[in-house]
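Student: I have the structure open and I'd like to practise the vocabulary on it. Can we take it term by term?

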Amino acid sequence: YPFDETHSNTQSLSVDAENLQKQIDELATFSDTPAPSVTRVLYTEKDVIARRYIKNIMGLAGLSVREDAVGNIFGRWEGYEPDLAPVASGSHIDAIPYSGKYDGVVGVLGAIEAINVLRRSGFKPKRSLEIIMFTSEEPTRFGISCLGSRLMAGSEMLLKALETTVDNQNISFIDAARSAGYAQEENDLRSVFLKKGSYAAFVELHIEQGPLLEEEGISVGIVTAIAAPASIKVDFKGGGGHAGAVLMPHRNDAGLAAAELALAVEKHVFDSGSIDTVGTVGILDLHPRAINSIPSKSHLEIDTRDIDEERRNKVIEKIHESAVSIAKKRGVRLAEFNIINQDPPALSDVSIIEAMKSASKELNLTHKLMISRAYHDSLFMARVSPMGMIFIPCFKGYSHRPEEFSLIEDISNGVKVLALTLAQLSLK
Ligand code: GLV
Ligand code: MN
Ligand code: MN
Ligand code: MN
C-alpha cells in the first residue's frame, strides 16, 4: 500500500477542494459580526454552533469524537496498533473580533480533510491519528491565550486561575463553560492535563499570517520555532474630574498615563535593537469614557513577543519601570501591573521537520524553513509531545483582519503535506 518507503504513491492523494472551501465558508457564517469579518468568541452561542459543526464533520470523516472538560474536541481514527501513542493534528476555530475565516480553521477542517485524503488513498494508520480542535487559542474572552492547549500541557497556574477568572461582563469562566455544556460538577478541570507521551507527534497546519511565502512564491513553510509571547494588564487610577473646571496643573489624568505608557512600549521595543522584538497595545480603555470628564481610570493590555526570550523579558522589565515612573510623574496610582503570561519559545522536533520536508519534496512542492512569529496551540503541545508546524501562503500576509485570505490551491497543498506527514509519522 502507499506511504512506506518502498511504495510511496503521492498521486493517490486527492483533496476535495470544493468541499473543503464550502466548509470554510459555512463555518465563517457562525459569526457575531457581518461578513467578510468573523467574530467567534469562546462559549458564545456562535462558538457552540461552530463546535457542533466540527463534531459533525469529524463524524462524517469516520472519526470517533470525544470532548474534555474545557471543550477541547478530539476525533480519532484508530490505528492497527491502537496501544501505541497516537499522532495528532489540529488547531482552533475561535476568531478574534473582526478577524478572518482562515486563522486556525484551516488547521482544523484541513486536518479532517487530511484524514479523508488518507482514507480515500487506502492508507491504514499504524498509530492512531487524532484531530484536535483546541478551545480558545485566542485570548479574547478571558485574556488567556491557548487556553485549551495550555491546560492540556498541564499548567497548574492556569488551573488555579480558572477558578477565579471572569470576563469583562463579570461572567466566571466556570459559568461560561457550563453554559456551553462543559466543566460540569463531576468534571475536574485537572482531567484535561495530558500525560507526557500521550502523543507520539503533533503537527499543526496554519496560514502563515505573514507575507514571506507569498512574496517568495513558496508553497510550504516548515516551522522550526515559535516566538515567545507575553501579555500584560495595566490599570492606572487618577482623580478624574470636570474637563472644563479642573485646570491643567491640578490634574491626575489616568488616560494620559496610559497614552504615555503605550508610547513607552513602542520605545522599549525599538530600543531592543532587534527587528524580532514586537510590542502592541491592542486594548486601551478609559473610564468614565465621557468627552467632558478627565479619565479617572485607564486600562491597557500589552502584547510583546520576541524569538529571544531574554530580550523580551528585558522589554517587560522596562515597561514595568516606565509604568511606575509615569504613575509617579503624573500623580496617578499604578493599581495593577499583571503579567498574564510570559511564555518561552518552542522548538519543532527535528524528526518531524524531516518528515514535513520529505512530504513536501515527494509532492514536488517548494518549501522553506521559517519561524512562527504568531503563537499557536503548538507552542503548548510542544511541552508534552514532539511538535511540528506547516505554514501555507496567505494574501499579503494579512491576518487578524477581515481581508485574511488563502487560495484553496494553497490550502489543498498544505492538506496534502499534512496527510503525508501524518501517514509517515503514524507508521513509525
Ligand atoms: C494568535 O492569534 C496570536 O496572536 O499569535
Ligand atoms: Mn489568531
Ligand atoms: Mn491561529
Ligand atoms: Mn495564533
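Student: What makes Val203 or Leu418 a contact of Ile390?
Tutor: Two residues are in contact if their C-beta atoms, placed from the backbone, lie within 7 Å. Leaving aside neighbours within four places in sequence, Ile390 has these contacts: Val203, Leu205, Val220, Ile222, Met356, Gly414, Val417 and Leu418. Before we go on: this is a predicted model, where local features need pLDDT of at least 70 and side-chain atom pairs count only at pLDDT 80 or more, while totals for chains, interfaces and linings use all residues. Residues are numbered from 1 along each chain as its sequence is written, and chains are lettered from A and ligands numbered from 1 in the order in which they are written.

Student: Which residues touch the most other members of the largest nonpolar core?
Tutor: Ile390 is one of them, along with Ala114, Leu418, Ala419 and Leu422, in a core of 89 residues. Helix α3 gives the most to this core, 10 residues. Apart from it lies another core, of 20 residues, including Ala257 and Leu300. A nonpolar core is a set of buried Ala, Val, Leu, Ile, Met, Phe, Trp, Tyr and Cys residues joined through C-beta atoms within 7 Å.

Student: Why does Ser136 count as buried?
Tutor: Buried means 20 or more other C-beta atoms within 10 Å of the residue's own, exposed means 12 or fewer, and partly exposed is in between, with C-beta atoms placed from the backbone. Ser136 has 28 such neighbours, so it counts as buried. You'll find Ser136 in the loop between β6 and α4.

Student: And why is Lys396 partly exposed?
Tutor: Lys396 has 13 other C-beta atoms within 10 Å, so it is partly exposed. Its place is the loop between β15 and α12.

Student: What is odd about phi at Ser136?
Tutor: Phi is positive there, about 50°, although Ser136 is not a glycine. Lys396 does this too, at about 55°. Most residues other than glycine have a negative phi, and most peptide bonds are trans.

Student: Where are the cis peptide bonds at Pro36 and Pro288?
Tutor: One joins Ala35 and Pro36, with omega about 5°, and Pro36 sits in the loop between α1 and β1. Another runs from His287 to Pro288, with omega near 5°, and Pro288 is in the loop between β10 and β11.

Student: How do you know that the span of α8 is close to what is expected?
Tutor: The expected span is 1.5 Å times one less than the number of residues. Helix α8 has 18 residues, with 26 Å expected, and reaches 25 Å from its first C-alpha to its last. Helices (H or I, at least four residues) and strands (E, at least two) are DSSP runs, numbered from the N terminus. The buried residues of α8 include Ala257, Ala258 and Leu261, and what covers the buried residues of α8 includes β9, β10, β11 and α9.

Student: Why does Leu284 count as buried, partly exposed or exposed?
Tutor: With 16 C-beta neighbours inside 10 Å, Leu284 falls in between the cut-offs, so it counts as partly exposed. Leu284 belongs to strand β10, and its contacts, leaving aside neighbours within four places in sequence, are Ala258, Ala262 and Leu300.

Student: What about Ser274, in the loop between α8 and β10?
Tutor: Ser274 has 14 C-beta neighbours inside 10 Å, so it counts as partly exposed.
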